[in-house]
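Please open the model in a viewer and keep the sequence panel visible. The tour below proposes one selection at a time and describes what is found there.

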Protein chains: 2
Amino acid sequence: MSRDRRNGAPAYKKIQALILKRIEGGQLKPGDAVGSERELAKIHRVSPMTARHALACLEREGVVDRRRGAGTFVAPPKIHFNKLMSFTEQLAGRGLTGSSRMLSYALVDDEPEIAARLALPAGSRLLKIQRLRFGGDEAFAVETVYLSADFSGLTRARLERGSLFSVLEHQYGVTLAHADEEIDATIAEAKTASLLSIPYGAPLLRIRQVIFSTTGGPTLFVLGLYRSDRHTLLIRRFR
Amino acid sequence: MSRDRRNGAPAYKKIQALILKRIEGGQLKPGDAVGSERELAKIHRVSPMTARHALACLEREGVVDRRRGAGTFVAPPKIHFNKLMSFTEQLAGRGLTGSSRMLSYALVDDEPEIAARLALPAGSRLLKIQRLRFGGDEAFAVETVYLSADFSGLTRARLERGSLFSVLEHQYGVTLAHADEEIDATIAEAKTASLLSIPYGAPLLRIRQVIFSTTGGPTLFVLGLYRSDRHTLLIRRFR
DNA sequence: AAGTGGTCTAGACCACGGC
DNA sequence: CCGTGGTCTAGACCACTTC
């Protein structure tokens, strides 16, 4: 059979897409066999190596488990460790609905350290947005996000509707790739304490994030102060 | 050429091993080409697909970068994000020498919650070791580690010589695989404060780790309290 | 134009798992 | 025992980068 790629997608990706669709659609549940290499090869009229490649990649992504001598099975749903998620997405994973109240929205040009973190010249104009974050109807965190003033089309109104992540991705075509975070502990000063309805001096988890886009550049700087009694960070580390 | 595997290792792993050796040995530096698929195939008298597999796996592990049309190059040295490291290893990465002082060493059987975390029956005998951790000559953290009493051959003396990780790996043949961590912030109570020479009420980073071995079971539970002014957690998250 | 990685073929043998 | 994934062969064409 000649190399025939009806549409643009490589054959192995089409096989993956079909398997993924059957998982999302619920026809395949965790533990179910997805079919052997040889089986998939026949069905998709493809060589065994190609079917194998499709399954091997899915395994690497954690979608399936492969056991020699046994077969390839849908992997149990995995907890999303070390995933970069918007505040809304994080809460959704815990069964809560997130909301925000904007505290301030301004252009600033006197934050040289933050400009440097975003690989911009000192004195660059930055958009600075402060928001109080709610989970359910409890205040969880105070978040301050800085980004290049190029994004100043991000009006307050638009931010109150959708999440910053989705606005960036859809309106600006920026796809976020990864974030480096520094995490430490601090103590609530008066203003933060009152915003979060916690006593002055209560412990807070402080997270400083630099979020990078796929084009490689640092795009967002986020400073978050999280109520320690409502927020636990989950991390998985590998040897 | 017949399938000949002189020793036990698959051909593609031998190719990888040779490349890794040349990188470790300094003959190949970041940015250097490691040779094309076809080239490696000829050298190792192996089919192109096999050479390709070797390079593809090395790329997945972050050892090399592959650029279509250009070649395969040694990847720049990567910062080890999200790596499970012993206290000693962590400090070494920051150019410090770590040391410990053992605070207590005991067998306990009244920690059902921790036993459960280690997938042991409630009431199981556990080895509980408390240590004060120093970086240079400053106290950094108080760490309490719990593990099954099966490891009670871990004498105090042995622990004061080598790191717990290395004793486990070398004396018990346990290889650690990954750790799940819960991170939050808390406040130093009197005893902890005096051990760490910080004021009562100072913020601490609290890290609870369950460390899993390659055989799949949770093996270690570690509760760490880290001086927030001396310790920052670095994490990378991916989209 | 030459060389590279990305995809693919149509098979093969081996080691292992479950029956 | 039979089927599975793991490894491997000896090529091929395509899309891309570099020169």
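Begin by selecting H1 and H3 of chain B, whose axes lie 8 Å apart and meet at an angle of about 55°. Helices here (H or I, at least four residues) and strands (E, at least two) are DSSP runs, numbered from the N terminus. Axes are lines fitted to C-alpha atoms, for helices over the stretch in contact, and angles run from 0 to 180 degrees between N-to-C directions. H1(B) and H3(B) are therefore oblique to each other; angles under 35 degrees count as roughly parallel, over 145 as roughly antiparallel, 65 to 115 as roughly perpendicular and the rest as oblique. The crossing of these two helices, H1(B) and H3(B), is right-handed, a term used if the near helix is turned clockwise from the far one by less than a right angle, whereas an anticlockwise turn is left-handed.

Before going further, note that this is a predicted model, in which local features need pLDDT of at least 70 and side-chain atom pairs count only at pLDDT 80 or more, while totals for chains, interfaces and linings use all residues. Residues are numbered from 1 along each chain as its sequence is written, chains are lettered from A and ligands numbered from 1 in the order in which they are written, and side-chain values use heavy atoms, with hydrogens and water left out.

Next, select H1 and H3 of chain A. The axes of H1(A) and H3(A) come within 8 Å and cross at roughly 55°. That angle makes H1(A) oblique to H3(A). H1(A) passes H3(A) in a right-handed crossing.

Now turn to DNA strand C. Which residues are closest to DNA strand C? Of the 25 residues that surround this strand, the closest are A:Ala11, A:Ser47, A:Thr50, B:Arg52 and B:Thr72; a residue is near a strand if one of its heavy atoms lies within 4 Å of it. Sugar or phosphate supplies 68% of the atoms of DNA strand C within 4 Å of the protein, and bases supply the rest.

Zoom in on individual polar contacts of DNA strand C (pairs of N or O atoms within 3.5 Å; within protein, one must be able to donate a hydrogen and the other to accept it, and residues adjacent in sequence count only if both atoms are side-chain atoms).

- At B:Glu37, a polar backbone atom is 3.0 Å from a phosphate oxygen of DNA strand C.
- At B:Arg38, a side-chain N or O atom is 2.9 Å from a base oxygen of DNA strand C.
- At B:Arg52, a side-chain N or O atom is 3.1 Å from a phosphate oxygen of DNA strand C.

The elements giving two or more residues to the surface near DNA strand C include helix H1 (11-24) of chain A and helix H2 (37-43) of chain B. H3(A) gives the largest share of that surface, 3 residues.

Finally, select DNA strand D. It is surrounded by 25 residues, the closest being A:Arg52, A:Thr72, B:Ala11, B:Ser47 and B:Thr50. Of the atoms of DNA strand D that come within 4 Å of the protein, sugar and phosphate account for 67%. At B:Ala11, a backbone N or O atom lies 2.3 Å from a phosphate oxygen of DNA strand D. H3(B) gives the most to the surface near DNA strand D, with 3 residues.
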